[in-house]
Amino acid sequence: MPDLPDFDYRRTNFNRDQLLSFNTILNPTKKLKIKWLGFVNPTKKSFYRNTVQDYNIKSIQFTNTEDYELNKRINTYFTKVELQYDINRQSSLTYTGNLGSLSRHDTGDLLFNGNNTVETTEMQGYLTNHNFTYSYKLSDREAIVSSARLIAQQSPLDYRIDQYYYEDLFQVGSISDVYQRAENNLQYLGITSHYVRKQKNSDFMELAFSNEYKMQELATDLVLHGTDGTDIRPSGFSNRLDFGSNNAHIMTKYTIKRRKWEWTPQLHTAFIHTRLRSYGSVQSRNNLFFSPRVLAKWTPHRKGKLEATLSFQQSSADLMEVVPNYYTTGIRNFMKGLNDIVKLNNSGTVLTYTHGNMLDKFFANLSMGYNILFDYISTRSVLNTNFNLNEQLVLKNKKTTFYKAQFNYYVKPLNGNLRLDIGANFAAYETSISGIGNRKIRSGSHEYGLSYRSVWKYWLNIHTGSRMQLSSFSSESTNRLVNTYSFLNAFFKVSENIQASLKNEAYRFGSFLSEVPGTYYFSDFSFAYDAKKIKARFSINAKNLLNNRHFRSATVTDTYRSLIEYRLLPRYIALGFDYSF
């Protein structure tokens, strides 16, 4: 689905939803409250997308085209109960538990570089989650909150495509279809206890202890079904591993307030025992992590506040980052992890200045930050027209920087608020591509926006503005893209019982791949009438009044640039009726 500012993904969502829900609140006694929620949600969805992806990295040059239609059937069953018992004035006990089941059947019809392919995905999973919380108020200034949580989850998935694109990869022929079975199971048990105390001089202290046990089981099995009925399991494309960890944490935080200054030093210490077992091979690590953080606040005058944060963090790789062999994540993509339990370190700082607040005539917020990942997980890729192999690896010193500013000014002659947004993000890192080697990537994005929102005291108000996004990736060459978005929304309040709105949008994208940039216009209208005497509400919603049937967007990444076209829901009108009783 398009990842665009304010774009309503429901424009691309051809669906038929049914929902049956129940909920109730009971108070058997003054001390006990019971909340219960349950729902059943069978859904059918369709999604249509055409994609052109262009790869142009030195000697690697090819273009892929995809015409894709996805049909989903999803059945969701969920129930949740919450019990709250007030033992006395100082203590209370709360239990929250839920149980959910999700079954999914996806069928994708794909025309890939002119070849017809059908891919199917079947999943039947469940999740149960239980949380107990006990709160005890020691005094008016201090309290202890303790909790225990249990999670169990299973999510088996079957994936199949009826075409064979990997003869160059596996060096075998006469294959009728490709199948992968994946199982990802989780068991989790965690206990936490927090002690908080507020001093008489407004200083604040927090101390927390926790222990978490997590066991994850992952199994993937890639099978090539031969035309003669044989099954071939390529070496290095199946996984069977157990990934367990026991994490003991201590967190201490103390806030010191002195007139215009506030200091909050914080230290998070963790001892983590991690164990990875794969096909009889066992790795284990005992790591001691220190993650200090300091937050400082200074209020130089009544409307100004300066905040600074300096932090250092240590962490370890998660399950999908340690998978030793390849597994498929789609028709063209295979991924594998590090096969190692690595320790990652990063440090960063953020500086923010705030002037005034949102209710003032002038309000501004400026911030900037810098982060360095001393160790980060990148990828080594093998790029091919029919498949991509992505192997994760650890590299050093990824640097990111951001700047952000927002200015709000109330213009009295216009009876409205002008807002200016300026932002930029930069990153410098490395990836690796087979046949080319390590690539130094520099990415950047800039965003500029200007908007106006009226606060007129009569039947009409408007909200209008425009934004520009500039994105770039530089390595052997530079790819740039400029997208713009404009909007004009009108809100009508005819009376206390009648409201209406008209929403208008325009999108325009940069040009490449021999495409002329296009502008796409959307207009939606809504009307509502509140019949308060009978506790009812009548509504009319008209979507896509201009009846756009397709929508094309453009993106750039560090490996390719693409055009993506989505099929949109045609113009339609929906009638609504709500009744309260």
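What share of the contacts in the chain between residues at least 6 apart in sequence join residues at least 24 apart? The share is 60%, where a contact means heavy atoms within 4.5 Å. This is a predicted model, in which local features need pLDDT of at least 70 and side-chain atom pairs count only at pLDDT 80 or more, while totals for chains, interfaces and linings use all residues. Residues are numbered from 1 along each chain as its sequence is written, and side-chain values use heavy atoms, with hydrogens and water left out.

**View 1. The whole chain.** The C-alpha trace spans about 75 × 60 × 55 Å along its principal axes. The chain holds one helix and 30 strands; these are DSSP runs numbered from the N terminus, helices being H or I of at least four residues and strands E of at least two. Of the 581 residues, 38% count as buried, that is, under 20% relative accessible area with a 1.4 Å probe and protein chains only.

**View 2. Strands β24, β25 and β26.** Strand β24 (residues 478–493) pairs with strand β25 (residues 498–508) in the antiparallel sense over ten bridges; pairing requires that DSSP finds at least two bridges between two strands. A hairpin of four residues joins β24 to β25, and A490 stands opposite L502 in β25. Strand β25 also runs antiparallel to strand β26 (residues 519–531), with eleven bridges between them. In that pairing, I498 stands opposite Y529 in β26.

**View 3. The largest nonpolar core around F334.** A nonpolar core is a set of buried Ala, Val, Leu, Ile, Met, Phe, Trp, Tyr and Cys residues joined through side-chain atoms within 4.5 Å. The largest has 43 residues, of which Y166, F334 and F551 touch the most other members. Not counting residues up to four places away in sequence, F334 touches Y166, L169, L222, F237, Y326, Y327, T328, F387, N388, L389 and N390. Another core, of 13 residues, lies apart from the largest and includes L218, L319, V322 and V323.

**View 4. The second largest cavity.** A cavity is a set of points on a 1 Å grid over the protein atoms alone where a 1.4 Å probe fits but cannot get out. Grid points are joined across faces, edges and corners, and a volume is the space filled by probe spheres set on the points. Two cavities of 30 Å³ or more are counted, and the second largest contains about 30 Å³ of space. Its lining, residues with an atom within 4 Å of a point, consists of Y159, I161, Y166, V178, L222, T328 and F334. Six of the lining residues are nonpolar, one is polar and none is charged; Ala, Val, Leu, Ile, Met, Phe, Trp, Tyr, Cys and Pro count as nonpolar, Asp, Glu, Lys and Arg as charged, and the others, Gly among them, as polar.

Definitions and conventions. 1 Å grid on protein atoms, 1.4 Å probe; cavity = no way out; pocket = protein on both sides within 12 Å on 5 of 7 lines; lining within 4 Å. Buried < 20%, exposed > 50% of the residue type's maximum accessible area, 1.4 Å probe, protein only.
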